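Dear colleague,

I am handing over the structure we spoke about, and below it you will find my notes on what turned up when I went through it.

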Amino acid sequence: METVQLGQTDIRVTPLGIGTWAWGDKLFWDYGNTYGEAEIKKAFDATLDGGISFFDTAEVYGLGESESLIGRLMKETGRSPQIATKYFPVPWRLKAETVSEAITNSLNRLQVDSIELYQIHQPVSFLMSQETLLNALANEVTRGRIQTIGVSNYSAKQMREAHDILAQKGIPLAVNQVKYSLLSRKIESNGILDTARELGITILAYSPLAQGLLTGKYTSVNTPVGARKLSPEFGREGLRKIAPVISRLKRIADQYKKTPSQVALNWLICQEVIPIPGAKSAKQAQDNAGALGWSLKPEDVQDLEEVTRPWLS
């Protein structure tokens with residue numbers, strides 16, 4: 001399987017990863033009701049069987065259960081994908097020591113000695129400065145408990161500041177994980193994508209299928225379960241608005257004998273970013289893997305760019 005470099009680090013990962021927000025999350029994703037650990041294990045195995053070995057999680061996903069699930073599955077199966085997880089800057093974390101404690105807890109839940117990519121989940125700095133936080137993470141790289149550092153949801157300015165702080169320690173900022181899909185293209189117009197390319201920072205694209213909208217399976221009568229059902233994007237007017245995009249995706253998918261979601265993911269790969277779609281079942285994991293091993297023609301990339309221009313801002 002081809003691999004891509006994370007920023008200017010020595011870490012290389014598969015061109016597509018898997019996001020595990022839904023693994024253990026009961027509030028938004030209905031974990032424990034419509035699916036559970038058995039389905040997650042099948043998704044875990046199918047993801048690795050499909051050649052994808054880069055898993056993104058966070059300490060707040062399922063209040064730690066996502067990390068714990070991955071840890072249990074790695075131990076039970078003897079399979080060890082590359083792991084990215086995240087630190088959440090909650091208000092009561094005031095000192096650098098709390099960063100070390102958070103990493104210890106993640107390592108314990110994941111049952112590993114070192115984490116390939118450790119990210120700051122949000123750019124919150126009203127109690128602990130970014131310099132204090134990033135220097136604490138730099139120390140953890142030196143200790144070997146994390147191998148490289150990333151951020152998430154950072155603006156172009158915040159990303160540049162983080163990059164400069166780490167550069168003083170001789171450590172590259174590897175990634176900025178942001179929302180990016182055909183239905184969420186703001187990073188192309190607000191400077192994030194351009195700044196990342198300038199600084200050699202990889203973009204990880206979360207919600208690359210717009211929480212399922214780009215699969216084309218939802219209609220006014222077939223709505224998702226959980227909190228997504230309350231979103232206006234899944235309502236009649238929201239679905240009407242995206243109908244031209246879904247129609248174009250389906251037409252292109254038919255030409256390549258692929259699914260709409262595989263085309264949407266491949267479009268992101270063509271932008272030289274790493275999409276991290278979720279998977280709650282083996283079928284979804286297999287569909288994700290189908291986005292690899294081929295590439296859209298330039299004219300189809302342009303076709304999708306044109307039909308989704310309303311989502312640039």
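Gln286 belongs to helix α9 in this model, which is a predicted one. Once residues up to four places away in sequence are set aside, Gln286 touches Ala46 and Gln262. Its C-alpha atom and that of Leu296 are separated by 19 Å, although the two residues are 10 residues apart along the chain.

Helix α9 also matters for reading the largest pocket, since its 4 residues are the largest share that goes into the lining of that pocket. The space in the largest pocket comes to about 920 Å³. Its lining is made up of 41 residues, and the ones closest to the centre of the pocket are Trp29, Gln211, Gly212, Pro277 and Gly278. Two elements, α8 (260-270) and α9 (282-289), are those that give two or more residues to this lining. Sorted by class, the residues that line the largest pocket are 16 nonpolar, 17 polar and 8 charged.

Pro277, which is among the residues closest to the centre of the largest pocket, is also touched by Gly17. Gly17 sits in the loop between β2 (12-13) and β3 (18-19), and with a relative accessible area of 0% this glycine counts as buried, because the cut-off for that word is under 20%. Not counting residues up to four places away in sequence, the partners that Gly17 touches are Ile52, Phe54, Ile274, Pro275, Ile276 and Pro277. A further pairing joins distant parts of the sequence: Gly17 and Asn288 are 271 residues apart along the chain, and yet 8.9 Å separates their C-alpha atoms.

Is Glu140 buried or exposed? Glu140 is buried, because its relative accessible area of 4% falls under the 20% cut-off. This glutamate is part of helix α4 (residues 130-143), and its side chain takes part in polar contacts that are worth viewing on screen. One of them, of 3.3 Å, is with the side chain of Ser100, and another, also given as 3.3 Å, is with the side chain of Arg143. If neighbours within four places in sequence are left aside, the residues in contact with Glu140 are Ser100, Ile103, Arg145 and Ile146, so that Ser100 appears both in this set and as a polar partner of the glutamate, because the buried side chain of Glu140 reaches the side chain of Ser100 at 3.3 Å.

Turning to the strands, β6 (residues 117-120) and β7 run parallel and are joined by 3 bridges. Within that pairing, Ile120 has Val151 of β7 as its bridge partner. Strand β7 (residues 149-152) has Ile149 and Val151 pointing one way and Gly150 and Ser152 pointing the other way, and all of these residues are buried.

Finally, there is the enclosed space. The count of cavities of 30 Å³ or more comes to 1, and the largest cavity holds about 90 Å³ of space. Its lining consists of Tyr87, Pro89, Val90, Pro91, Arg93, Val124, Ser125, Phe126, Leu127, Met128, Gln130 and Leu133. By class, that lining divides into 9 nonpolar, 2 polar and 1 charged residues.

With best wishes

Key: Residues numbered from 1 in each chain as written. Predicted model: local features only at pLDDT ≥ 70, side-chain atom pairs only at ≥ 80, totals over all residues. Heavy atoms only, no water. 1 Å grid on protein atoms, 1.4 Å probe; cavity = no way out; pocket = protein on both sides within 12 Å on 5 of 7 lines; lining within 4 Å. Points joined across faces, edges and corners; volume = space filled by probe spheres on them. Nonpolar A, V, L, I, M, F, W, Y, C, P; charged D, E, K, R; others polar. Buried < 20%, exposed > 50% of the residue type's maximum accessible area, 1.4 Å probe, protein only. Polar contact = N/O pair within 3.5 Å; in protein donor to acceptor, adjacent residues only side chain to side chain. Contact = heavy atoms within 4.5 Å. Pairing = 2+ DSSP bridges.
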